[in-house]
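Student: Hey, I've got a new structure open and no idea where to begin. Can you walk me through it?
Tutor: Sure, have a look at it first and then ask away.

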Amino acid sequence: MHQILRFILLCVVASTYAQTDTSFCQKSSLVLNMLENNHYKPKTIDDNFSTYVFNKLFERLDDKHMLYSEADIEALEDLKTKFDDYLMNEECDFIKTLTASYKSQLEFAQQSIENLEKSKLDFSGKDSVSYGTLEDKAEFSNTRKTLQKRWSKKIRIDIIREYLSLSKPSNFSKVKTQIKSKVIAENKCFILDKLQAVSGLESFVETTFLDVVCSYFDPHSSYFDPTDNTTFMNSIGTETNSIGVWFSKNSDGKIVVSGLQTGSTAWKEKEINAGDLVLSLEANKNKLSTTCLSLESLYDFIFDEANKIFNINILTEKNINKTVTLKKENLKIEVNAVNSFILKGEQNIGYISLPSFYTNLDYGYGSANDIAKELFKLNAVNIDGLILDLRGNGGGSMKQAIDLAGMFIDKGPLGIYRNHENKKTIIKDLNRGTLFTKPLVILINNESASASEFITAALRDHNRAIVVGSKTYGKGTIQQVVPLRRDAGYIKITIEKMYGFKGDTHQGIGIQPDIEFPSLFVGLESGESANENFIKNDTIVKDIYFKIPTAKNYENLRAKSLARIKKSKASKTIEKINSDLLNYLNKERKLAISVKGIKEDSDKFDAIFEKSDDLEMKHETFEVVNLEDFKEILAYNKDKAKLNSYAIESIQTDHEIEETYRIISDYIKQLSN
C-alpha cells in the first residue's frame, strides 16, 4: 500500500521522442511502472509481452472477427515483437499506426455493408454457415475478399433471426425488404459508433491498448480513462435518483442492460436482467429508439428531471419481447437490501440472500450491518438454524465480508493476505462474541466469487458452516483502483492474494461444497482458470498460533441428500438439459442460410429447455413467512408487498433452497440425537 501511495506522487519525465504522443507515452510509462512495482506477480516486459499484446489487441478491437482479415493483421507483423522496446524507449508513434489501421478496417466494413444494402441477398439456403465445437475458436478471414463474404452471411443471418423474433411472423418475402433496411441500419450504426467514439478513435485505441497491457499480468488488472471512471463511479454512487439500471453496448453496438443496482425496484422485481437488449424507452409520451443511440444520449434522457416513469421495451436472451415499467427512486446503498424470511416446516429455519458485499463509503455501513439487523430479529423468534444464500454473489467489499464472518465465530483468524513482497497479513475477527451460534448452511454456485468465497472458506475452516451447492468461481485475488496522475486515467491492479488460515487458497480452483447439487451447466461453467494469464493456485506456510479444528465429517448428510436428489424431478430435468445442451454445443453444426435452416437450429436449441419449468415447481416442504415487524410494513406499503410476494414465490419454488432446508433439518436432528 505504501509503495502505491508513494508511486502516485512520482513525476514522470515526458519523452522527447514524439511530442505529439507525449500523453500516451506518459500514460504507458505510468501503467507499466505501477504494474512492475506493485502487482502481486509482476512480469518481465519482453518479446513475450509484445506478442501477447499484439495478438490480444486485435481480439479486443475485433472480437467478432468482422473487421480484420489475417492479411490485414500480417501487414502489421513488424510490431509483434517491438512493443516492449517502443514502450521502454518511450517511442509512441506506433499508436498512430494502429489507429490508422483500425480506422481503415472500420471504413472497409462500412463500405462492405453499403454494398450489401444495394445488393440482392440470397436466402435460398445454397450458402451455409458452420458453428464449431466448444473447443474451437472462430478465426479471422484469410483475406479482405473472404471478409466481405463473412459480412454477407452475417447480414443475411441477422435478417432471418430478426424475422423469427417477430411475435407473429408473416410471409418472409413480404417483410424481408423492411427487415433488411432495419438490419443494415443497425450494422451501419455499429461501425459509425466506433468511428465517432466520444473521446476520439485514437483515444479509444490507446485505452484498449493499455487495458490489454494490464491483462498481460492477470485477468483482473485493467486500465480505464477518466471518462470511464466517472461513469463507473456514477453507477455505484451511494445516493442517486435513478431507475437502478445500468446500460452498456454489446459487441454488435446495441444497447443492453449491463447490471442492476442492489436494492432497487428493478433488482427486486427481476423483470429486467443483465444481458437484455434494449429496444426503446418512453417517458412523458416521448419515445426514444435505441437504434444508433449513444450511451451518453441514453443517460441524458434518463436523468432528465422531467422524466419520472419509464416504459422500457426489451428483448430478453430467450427472445421474449416485453415492456417493463420503472420509476425513478432515491437509491442509497445503506438502505437495507436484504430481508430475512422464516422457512416454517419440520424446523423453523431463517433464510437470508446476499447478492453482493456492498458498502457505503460515506456512512461506513453496508451489507454486514444490514445482515446484523436481520440476525437480531431472527434470534428474537428463536429459529433453529440459518441458510445464507451466496449464489450469484460476485464479491465486493472485503471489509464487509470480514465483518460478517465475525458475526458467526467468537474469535480467531479468518484468512491470510500475501502481497508481491511475500508479506503475509493475518486477517482476524477483531470483535469478541457472536451474533448467531445455531447451525448455519451456506449455499453457493459458480457465480459465487472473491469475497463470498473468502467468507465461505473461513466459516468452513472454523467448522462453523456446512457448504452446499456447486463449485465456486475461484477468484482469490484482491484489486485496488489507483489514480495515475492528472488526466492519465486509473488502473485497477491486483495487489494481494487471499488464503485460508490453513494456508490454502481457492484461487483458480474454486471451493468444492461439502454437499454438491447437480448443475445445469456442468461442462460449460467458466471459472477463474478459464481466463488467460490467471494467477496459479499454491499454498503457503502459515504462521498462525491457532489450533486448527479438525474438519467435520458430513458423509451421513451427504448420503441422505444424494438419495433425495436422485429421486427428484428437478435433478432428472437438470441432467437431461445438461446432456442435450452439451451435445448441441459440442457437435459441429452446418446451418443453411435460409429461414428453414436457421429456424430448425433455433428450434433444436429451444427444445432443450422446454422442460425447464420443472425446475420451478412449488413444494410443500416448508412455508415461507415474513417476520412480524416486516408484516406491519407490508400492510401499508403496496410496492413492498408486491416485491415481497415475488420473493416468497421465488424461494418457495427453488429446488436448491428446498434441498438446503432438508440438509440443515437433518443436521439439527443429528445434533439433537
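**Helices, cysteines and loops**

Tutor: Let's begin with a helix pair: helix 16 passes helix 21 in a right-handed crossing. Keep in mind that this is a predicted model.

Student: Which residues make the contact between helix 16 and helix 21?

Tutor: From helix 16, they are Asn 556, Leu 557, Lys 560, Ser 561, Arg 564 and Ile 565. Helix 21 brings in Glu 659, Arg 662, Ile 663, Asp 666, Tyr 667 and Gln 670.

Student: And how many of them are nonpolar, polar and charged?

Tutor: By class, that contact has five charged residues, four nonpolar and three polar.

Student: How do people usually describe two packed helices?

Tutor: With the angle between their axes and the distance between the axes.

Student: OK, so what are the angle and the axis distance for helix 16 and helix 21?

Tutor: The angle is about 145°, and the axes are 10 Å apart. To find them, look at residues 555-567 for helix 16 and residues 655-672 for helix 21.

Student: New topic. How many disulfides does the structure hold?

Tutor: There's one. Cys 25 and Cys 92 form it, with their sulfur atoms 1.7 Å apart.

Student: Where do Cys 25 and Cys 92 lie?

Tutor: Cys 25 is in helix 2, which covers residues 22-38, while Cys 92 is in the loop between helix 5 (83-88) and helix 6 (94-118). So the pair ties together parts that are 67 residues apart in sequence.

Student: Why is the disulfide of Cys 25 and Cys 92 called right-handed?

Tutor: Because the torsion about its S-S bond is about 125°.

Student: Are Cys 25 and Cys 92 buried or exposed?

Tutor: Both are buried.

Student: What about Cys 214, where's the nearest cysteine sulfur?

Tutor: That sulfur belongs to Cys 92 and is 15 Å away; Cys 214 is in no disulfide. Cys 214 is buried too, because its relative accessible area is 0%, and buried means under 20%.

Student: Let's switch to the backbone. What's the phi of His 65?

Tutor: His 65 has a positive phi of about 55°, although it isn't a glycine. You'll find His 65 in the loop between helix 3 (47-61) and helix 4 (70-74).

Student: Is His 65 buried or exposed?

Tutor: His 65 is buried, with a relative accessible area of 4%.

Student: And what's the phi of Asn 463?

Tutor: Asn 463 isn't a glycine either, and its phi is positive, about 55°. Asn 463 lies in the loop between helix 15 (451-461) and strand 17 (466-469).

Conventions: Residues are numbered from 1 along each chain as its sequence is written. This is a predicted model: local features need pLDDT of at least 70, side-chain atom pairs count only at pLDDT 80 or more; totals for chains, interfaces and linings use all residues. Side-chain values use heavy atoms; hydrogens and water are left out. A disulfide is a pair of cysteine sulfur atoms within 2.5 Å. Helices (H or I, at least four residues) and strands (E, at least two) are DSSP runs, numbered from the N terminus. Buried means under 20% relative accessible area, exposed over 50%, partly exposed in between (1.4 Å probe, protein chains only). Axes are lines fitted to C-alpha atoms, for helices over the stretch in contact, and angles run from 0 to 180 degrees between N-to-C directions. A crossing is left-handed if the near helix is turned anticlockwise from the far one by less than a right angle, and right-handed if clockwise. Contact means heavy atoms within 4.5 Å. Ala, Val, Leu, Ile, Met, Phe, Trp, Tyr, Cys and Pro count as nonpolar, Asp, Glu, Lys and Arg as charged, and the others, Gly among them, as polar.
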